[in-house]
Structures are given as C-alpha cells and as structure tokens.
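Dear colleague,

Please find below the structure I promised to hand over, followed by an account of what was found in it.

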Amino acid sequence: MHPSAPADQILRDRRQWLRLFTAFGLAPAGALATRPGPVELSGSTPDGRRFRLSEQTGRVVLVFYWSTGCAVCRDKMGELRANLAGWASQPFTLIGVNVDSRLQDFLDHDTLVRQTIAPARRFDSLWAGQPGFIDTLGMPARLPGACLIDKQGRLVERYSGRVPAEAWDRIAELL
C-alpha cells in the first residue's frame, strides 16, 4: 500500500487482512482468532449485583482483564471510560475482570473509583477469585487483555496486551 493512501482505505485493508488471517486460524499480534459460539462469563460486582454475559444478548461487550498492580491496565482505564461515556446511547457494555490475588486490593480500587469517577464513566468489574465466578473465555496471556463479544454472544476477537486502536473501530462496526 502506498504511504499516501487515504486513512479509510488503510483501515479497510487492515480489516481485510485481519479477516483473512482469522479465516485460516492465524492472527496478527494482538488480535487472536477464537472459537465460534456462545461463551459465558458470570460473577458479582462489589456491590452484589450479578452479571451474566448470557444476559447481554443484543449488546456488544468488551471484557477487559486487569489488575490493580498492572500500570498499563490502570493507564488504559481513562480510554475505556471515555469510550464507554461516548457510546452511552449505544448497545455497548464494558465489563472488567479483575485478576488480583487479594480481594481487598480489588475492593479498595472499587471504593476509590466510586469516590472519584463520575457514574457515567464507570464500568463494573468482577473479581476472578470469587466463589461462583465463571469464565469460559479464558484469561489472557498477559495483562491487560480483552475479549470482544458480538450481539449474539459470540467471541469475535481477543487482545493480549494493550487494546489496539483497531479494536474500537471493530466495536463501532459491531454496534
């Protein structure tokens, strides 16, 4: 591709390559091909509300795996919150999965978020260590990580490391 090609053409070409790689069970770094079909994620938020991915049918869901000890994870929170607020009128859900080994670290973070972040910019997180937590998506190879779920509840893409800018374009397509 010529370096002066329009940005929308470059983006279309990237998406076509990603779909081609995925069709053959290959994937470029960051976006990993995954099995088709429904997946499950369920657990409770710190305030006791139950979350079930199976109840999100009709919504695009980004599952964000993170830890309070991961500087990159914490750095991504602002971007996640900005996109969540920007898509407030869209069928989009952002759910975090905290993988801290200590529940108290997760709860302390949640308290801090509730005291400092406006409600429209908050997203719920589940603690992976809680009894009854179910995750058939599987933990990412490294943090942060994310899984993109389409409106039918199927795993579309998996990201290991920083969520790439292309992921937000893909979410917009699925909305």
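Two strands are counted as paired if DSSP finds at least two bridges between them, and that is the sense in which the hairpin of E1 and E2 is described here. The model is a predicted one. In this hairpin five residues lie between the strands, and Gly48 takes a positive phi near 90°. E1 and E2 run antiparallel and are joined by three bridges; Gly43 has Phe51, in E2, as its bridge partner.

Strand E1 (residues 41-44) also pairs with E6, again in the antiparallel sense, over two bridges, and here the bridge partner of Ser42 is Ile134 in E6. Taken together, the three strands form an open sheet in the order E2-E1-E6, with antiparallel pairing. Strand E2 (50-52) and strand E6 (134-135) stand at the edges with a single partner strand each, so one side of each is left without a neighbour in the sheet.

After E6, the loop that leads to strand E7 (145-149) holds Pro144, and the peptide bond that joins Leu143 and Pro144 is cis, with omega about -10°.

Turning to the helix, H3 (residues 103-116) has 14 residues and reaches 20 Å from its first C-alpha to its last, which is close to the 20 Å expected at 1.5 Å a residue. Which residues of H3 are buried? With buried taken as under 20% relative accessible area, they are Phe106, His109, Asp110 and Val113. These residues cover an arc of only 100° around the axis, which puts them on the same side of H3. The general background is that an α-helix has 3.6 residues a turn, so residues three or four places apart point the same way. On the other side of H3, Gln115 and Thr116 are exposed. The buried residues of H3 are covered by elements including strand E3 (60-66), helix H2 (71-86), strand E4 (92-98) and strand E5 (125-127).

Strand E4 appears again in the second largest pocket, where about 200 Å³ of space lies. This pocket is lined by 14 residues, of which Arg49, Thr93, Leu94, Ile95 and Asp124 are the closest to its centre. E2 and E4 each supply at least two residues of the lining, and the largest share, three residues, comes from E4. The edge strand E2 of the open sheet and the strand E4 that helps to cover the buried residues of H3 are thus both represented in the lining of this pocket.

With best regards

Conventions
Residues are numbered from 1 along each chain as its sequence is written. This is a predicted model: local features need pLDDT of at least 70, side-chain atom pairs count only at pLDDT 80 or more; totals for chains, interfaces and linings use all residues. Side-chain values use heavy atoms; hydrogens and water are left out. Helices (H or I, at least four residues) and strands (E, at least two) are DSSP runs, numbered from the N terminus. The expected span of a helix is 1.5 Å times one less than its number of residues. Buried means under 20% relative accessible area, exposed over 50%, partly exposed in between (1.4 Å probe, protein chains only). The arc is that of the directions from the helix axis to the C-beta atoms. Contact means heavy atoms within 4.5 Å. On a 1 Å grid over the protein atoms alone, a cavity is a set of points where a 1.4 Å probe fits but cannot get out, and a pocket is an open set with protein on both sides within 12 Å along at least five of seven lines; lining residues have an atom within 4 Å of a point. Grid points are joined across faces, edges and corners, and a volume is the space filled by probe spheres set on the points.
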